[in-house]
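User: I am new to reading protein models, and I would like to go through this one with you step by step.

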Amino acid sequence: MNNPKPWDLEPSLDESRLSVLAGLLIIISDECTRLHDKEAGDGFWSLGCRIYQRVCKRFLKLSVSEWPWLRVLKTKHELQLPLVIGSCFIRYFRGEACNPPNLQLFRAEEIQKDFGKPITDPDAFSWFMILEHDEAGRAVQVVVQQANSDGTIRYPWIAARAHREEANGVVTPIGKAPIDVGAPEITPKADEQQPKKNRSNVR
């Protein structure tokens with residue numbers, strides 16, 4: 001198998017699960033970039049922090065209420081996001097899939113060790129879900145791939161792409177028809193609460 005898909009290697013990484021997670025990452029990223037105010041002093045660091053915190057909160061909420069196949073593991077640090085899809089550990093970060101930071105690579109192995117599934121093979125690979133962005137900080141696509149602590153990557157698979165100008169806000173999971181994500185769901189202030197839209201369950 002020259003170019004296996006994630007579910008070929010790990011059945012828990014079902015295509016529909018990865019696609020819906022990837023689409024949500026792009027929606028959350030777009031929420032945050034719309035709020036980004038460069039003239040007021042916002043920079044790439046603050047944008048990345050806002051996206052990460054919203055991803056943590058949204059994934060945690062959905063893992064409890066709608067997606068039983070997704071678990072967000074509790075750690076000593078509130079803003080860590082150890083994810084388990086089915087029975088598979090996967091690490092999320094925002095950056096370049098072709099150049100994963102060493103911190104992310106080592107942290108993936110540490111998390112599995114912390115939860116009783118240490119990587120004993122020095123050549124073993126961990127799973128990653130990476131939100132890639134352009135120079136303006138806008139989400140471009142989400143890549144799912146394997147990488148090890150040496151920085152070797154393999155089997156990259158694009159789970160979703162953002163096509164804003166061409167497709168008017170459509171997120172495209174690879175191999176499927178485009179999904180119209182509509183307007184992003186932005187949480188209003190306490191005095192401006194509005195009914196929330198329902199999401200479809202992915203089993």
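**Fold, cysteines and rings**

Analyst: Read from start to end, the chain runs through the pattern α-α-α-β-β-β-α-β-β-β-α-β-β, where helices (H or I, at least four residues) and strands (E, at least two) are DSSP runs numbered from the N terminus. This is a predicted model, in which local features need pLDDT of at least 70 and side-chain atom pairs count only at pLDDT 80 or more, while totals for chains, interfaces and linings use all residues. Residues are numbered from 1 along each chain as its sequence is written, and side-chain values use heavy atoms, with hydrogens and water left out.

User: How many helices and strands does the chain have?

Analyst: The pattern along the sequence begins with α-α-α and ends with β-β. Counted by type, the chain has 5 helices and 8 strands.

User: How many disulfides does a search of the whole structure find?

Analyst: A disulfide is a covalent bond between the sulfur atoms of two cysteines, and here the term is applied to a pair of cysteine sulfur atoms within 2.5 Å. The search of the whole structure finds 0 disulfides.

User: Is Cys32 buried or exposed?

Analyst: Buried means under 20% relative accessible area, exposed means over 50%, and partly exposed lies in between, with a 1.4 Å probe and protein chains only. Cys32 has 0% relative accessibility, so Cys32 counts as buried.

User: Which kind of pair do the rings of Tyr52 and Tyr92 form?

Analyst: Rings of Phe, Tyr and Trp (its six-membered ring) pair if their centres lie within 6.5 Å, and planes under 30 degrees apart count as stacked, over 60 as edge-to-face and the rest as tilted. A search of the whole structure finds 4 aromatic pairs. In one of them, the centres of Tyr52 and Tyr92 are 6.1 Å apart and the planes stand at 15°, so the pair is stacked.

User: Where in the chain do Tyr52 and Tyr92 lie, and how many residues apart are they?

Analyst: The pair links distant parts of the chain, with Tyr52 in helix H3 (residues 44–65) and Tyr92 in strand S3 (residues 88–94). Tyr52 is partly exposed because its relative accessibility is 22%, whereas Tyr92 is buried at 3%. Along the sequence, the two tyrosines are 40 residues apart.

User: Which kind of pair do Phe93 and Phe128 form?

Analyst: Phe93 counts as buried at 3% relative accessibility, and Phe128 counts as buried at 1%. Their ring centres are 6.0 Å apart and their planes stand at 75°, so the pair is edge-to-face.
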